[in-house]
Structure formats: C-alpha cells, structure tokens
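Here is a friendly walk through one protein model, meant for someone meeting it for the first time. Have a look at the structure, then read on.

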Amino acid sequence: MVLARSGGRAKPPGMYDFRPAGDCPKPEAYRQLVAAADALTSGEPDAVANMANVAALLWEFLPAINWAGFYRIGPGRGGDELVLGPFAGRPACIRIALGTGVCGTAAARGTTQLVEDVHAFPGHIACDSASRSELVVPVIREGRVIAVIDIDSPELARFDADDAAGVEALAALLAPRI
C-alpha cells in the first residue's frame, strides 16, 4: 500500500491517500485493500462513515469498474429489502427486493454472486446500462446478512475467484463495523 506524500513532506494527520502498490498480483492488492479498510474503520463506530470510506477505497484500488458500494438490509413496504448505502459511481437503484437481481440474490442466499455477463443473469436489474459484469458479496454478522458489497464493471468477465476471495475478506472485516 502506498501512502502518498506531497512535495517530499508527509500529509497532515487525518489526510489519506491509499492506493495499491504498483503492479502487484491481485491477491496482494486485495491484502493491501483490506489493510487500508482496517486502518480507516478500526475504532470508528459510525457504519455510514465506514461504508463510505470503503466504497472510496474500492473505487481507488480496483481497475475497470464503474460502480462500487453497499446495499443495506432495511425495512421495506413488504418486509425487509436492500436499501442503497454509500457508493462511488453513477446514481443507482434505491431499493431492491430480496431475491431479485444479483444483489437481491446474494442477500437472500447469503452467498457470493460472481456474474460474468449480467445480461445473462435472470432478473438482472440494470441501474447502469454500461455494466457488463458484477460481483456481489454478502456481509454477514451473527449468521444474518446485514448488507452486500456490490461492484460492477463495464467489461465482460471482469471478476474472478481472486476478486471474490478478496472482497469476501473485506466483508468479513467489515461485518462488525457496519
């Protein structure tokens, strides 16, 4: 992980510029991402602040993405549903029914959804027509899904098992912090 310096001087306390180190292998980039998320969220009790900073980290760390953020489990008109949380990218769908689309499927099943072609996914919800592939990882606390981490890409098959494992490690870190 690189902590940027300005003009040879360290940035003042409280200023962060986390970026992955050079051309490191994907598992190492995710290790650095999780370490940065740990540094930013450790001891911070505000869930929204933690999700916002992690959405920004995902945006900085991951190449070839067009959306990264959170949907939280919240009350809806007909029971629990996913409600938009902090994110980076274009405006998004605000509410998603559990079991609907990639995010709703991940939340309902409690399993990671790695989708190479979102247009081939039954019931896909197209918030951004530029999205072609998607990775959604549930955040599970005390055996219950409390949120999902959603990452979209304009490239087909952008995500692989290394991405899934890295974001699953991030979700595990965040579970008690959001």
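## Before we start

A residue is called buried when its relative accessible area is under 20%, exposed when that area is over 50%, and partly exposed in between. Keep in mind that what you're looking at is a predicted model.

## A trio of rings

Let's begin with the aromatic side chains. A pair of aromatic rings is described by the distance of the centres and the angle of the planes. Two aromatic pairs turn up here. In one of them, the ring centres of Trp67 and Tyr71 are 5.9 Å apart and their planes sit at 20°, so this pair counts as stacked. Trp67 is buried, with a relative accessible area of 4%, and Tyr71 is buried as well, at 2%.

The other pair joins Trp67 to Phe87, and this one is stacked too: the centres are 5.1 Å apart, with 15° between the planes. This pair ties together distant parts of the chain, since Trp67 belongs to strand β5 and Phe87 to strand β6 (residues 79-89), 20 residues apart. Is Phe87 buried or exposed, or something in between? Its relative accessibility is 30%, which lies between the 20% and 50% cut-offs, so Phe87 counts as partly exposed. Put the two pairs together and you get one aromatic cluster made of Trp67, Tyr71 and Phe87.

## Two nonpolar cores

Which residues have the most contacts inside the largest nonpolar core? They are Leu58, Ile149, Ile151 and Leu170, in a core of 33 residues. Several elements chip in: α1 (26-41), α2 (47-61), β5, β9 (133-141), β10 and α4 (161-174) each supply at least two residues of this core. Apart from this core lies another one, of 16 residues, and Tyr71, Leu82, Cys103 and Val148 are among them.

Ile151 is a good residue to zoom in on. Setting aside neighbours within four places in sequence, its contacts include Leu58, Leu62, Ile65 and Trp67. Also in contact with Ile151 are Ala68, Ser133, Glu134, Leu135, Phe159 and Val167. Trp67 is the residue we met in the aromatic cluster.

## Ile96 and its neighbours

Now for Ile96, which you'll find in strand β7 (residues 95-97). Its relative accessibility is 5%, so Ile96 counts as buried. Ile96 and Leu82 are 14 residues apart in sequence, yet their C-alpha atoms are 5.0 Å apart in space.

Which residues does Ile96 touch, leaving aside those within four places in sequence? The answer is Tyr71, Glu81, Leu82, Cys103, Gly104 and Ile125. Some of these names come up elsewhere: Tyr71, Leu82 and Cys103 are among the residues of the 16-residue core, while Ile125 features in the next section.

## A cavity inside

There is one cavity of 30 Å³ or more, and its volume is about 170 Å³. It is lined by 17 residues, and the ones nearest its centre are Ile125, Cys127, Glu134, Asp150 and Asp152. The lining splits into nine nonpolar, four polar and four charged residues.

Where does that lining come from? β5 (67-76), α3 (101-109) and β10 (144-153) each supply at least two of its residues. α3 gives the most, with three.

## A pocket to look for

The largest pocket holds about 170 Å³ of space. Its lining has 13 residues, with Lys26, Ala29, Phe61, Leu62 and Pro63 nearest the centre. By kind, the lining comes to eight nonpolar, one polar and four charged residues. α1 gives the most to it, with four residues. Leu62, by the way, is also one of the residues in contact with Ile151.

## Two backbone oddities in loops

Two loops are worth a last look. Glu142 is in the loop between β9 and β10, and it has a positive phi of about 55° although it is not a glycine. With a relative accessible area of 78%, Glu142 is exposed.

Ala157 is in the loop between β10 and α4. Ala157 isn't a glycine either, but has a positive phi of about 50°. Is Ala157 buried, exposed or partly exposed? At 42% relative accessibility, Ala157 counts as partly exposed.

Key. Residues numbered from 1 in each chain as written. Predicted model: local features only at pLDDT ≥ 70, side-chain atom pairs only at ≥ 80, totals over all residues. Heavy atoms only, no water. 1 Å grid on protein atoms, 1.4 Å probe; cavity = no way out; pocket = protein on both sides within 12 Å on 5 of 7 lines; lining within 4 Å. Points joined across faces, edges and corners; volume = space filled by probe spheres on them. Nonpolar A, V, L, I, M, F, W, Y, C, P; charged D, E, K, R; others polar. Phe/Tyr/Trp six-rings, centres within 6.5 Å; stacked < 30°, edge-to-face > 60°. Buried < 20%, exposed > 50% of the residue type's maximum accessible area, 1.4 Å probe, protein only. Core = buried A, V, L, I, M, F, W, Y, C linked by side-chain atoms within 4.5 Å. Contact = heavy atoms within 4.5 Å.
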